[in-house]
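Visitor: I am new to this structure and would like a close look at a single part of it. Please take me through that part slowly, and then through whatever it packs against.

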Amino acid sequence: MTTHDIATDTAPADICTEAEIQDLVHTFYAKARADEALGPIFNGMVHDWDEHLATLSDFWSAVILGTRRFTGMPMPKHAAMPNLKAELFERWLVLFGETTDALPNRALADAAQEMAKRMARSLWYGYQLSRDPNQPLTELRSPAHPEPHPEARPA
């Protein structure tokens, strides 16, 4: 998945500022890093958080504002991770929703939430297909469920 696949060609440049995107990224990933289920995964995979947050800010800038700074390919990196489960993607969406719900800029919040749902679904599908392309795909539950699944918690 590239940003061209997920960004809209009509994304208004005035929906938010770069500073708002950076704040969203930093706030969300601070929550994710501290989360009981997601924290161990992120902290185990990311070795330079400053660099990763800059990359994620570029990614979200591309998705929301249509900038072209991000050049990575998230799908192969996510597909290569071991032992991901739907519950982890769902937990990511819950935390992301909590973060965007707190934003004063509702246009940014709505756009980011919609794109996050699409990305989580796409990454989850890609992950499943990379594991066993002959198995039927399972859907993610709606992020309206605020409590994480018990299976999403590390043992």
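Guide: Helix 6 is largely enclosed by the rest of the structure, because 14 of its 16 residues are buried, where buried means under 20% relative accessible area, determined with a 1.4 Å probe on protein chains only. This is a predicted model, in which local features need pLDDT of at least 70 and side-chain atom pairs count only at pLDDT 80 or more, while totals for chains, interfaces and linings use all residues. Residues are numbered from 1 along each chain as its sequence is written, and side-chain values use heavy atoms, with hydrogens and water left out.

Helices here are DSSP runs of H or I with at least four residues, and strands are runs of E with at least two, numbered from the N terminus. The chain has seven helices and zero strands, and buried residues make up 45% of its 155 residues. At 1.5 Å a residue, the 16 residues of helix 6 should span 22 Å, which agrees with the 22 Å between its end C-alpha atoms; the expected span is 1.5 Å times one less than the number of residues.

Helix 6 (residues 86-101) meets helix 2 (residues 18-34), their axes coming within 10 Å and crossing at roughly 135 degrees. Axes are lines fitted to C-alpha atoms, for helices over the stretch in contact, and angles run from 0 to 180 degrees between N-to-C directions. That angle makes helix 2 oblique to helix 6, since angles under 35 degrees count as roughly parallel, over 145 as roughly antiparallel, 65 to 115 as roughly perpendicular and the rest as oblique. On the side of helix 6, the contact (heavy atoms within 4.5 Å) is made by Trp92, Leu95, Phe96, Glu98, Thr99 and Thr100, and helix 2 brings Leu24, Thr27, Phe28, Tyr29, Lys31 and Ala32. By class, this contact of helix 2 with helix 6 has seven nonpolar, three polar and two charged residues, with Ala, Val, Leu, Ile, Met, Phe, Trp, Tyr, Cys and Pro counted as nonpolar, Asp, Glu, Lys and Arg as charged, and the others, Gly among them, as polar.

Helix 2 also packs with helix 4 (residues 49-65), at an angle of about 130 degrees and with the axes 9 Å apart, which makes helix 2 oblique to helix 4. Among the residues making this contact are Ile21, Val25 and Tyr29 of helix 2 and Trp49, Leu53 and Trp60 of helix 4. Tyr29 thus has a place in the contact with helix 6 and in the contact with helix 4.

Methods
Buried < 20%, exposed > 50% of the residue type's maximum accessible area, 1.4 Å probe, protein only.
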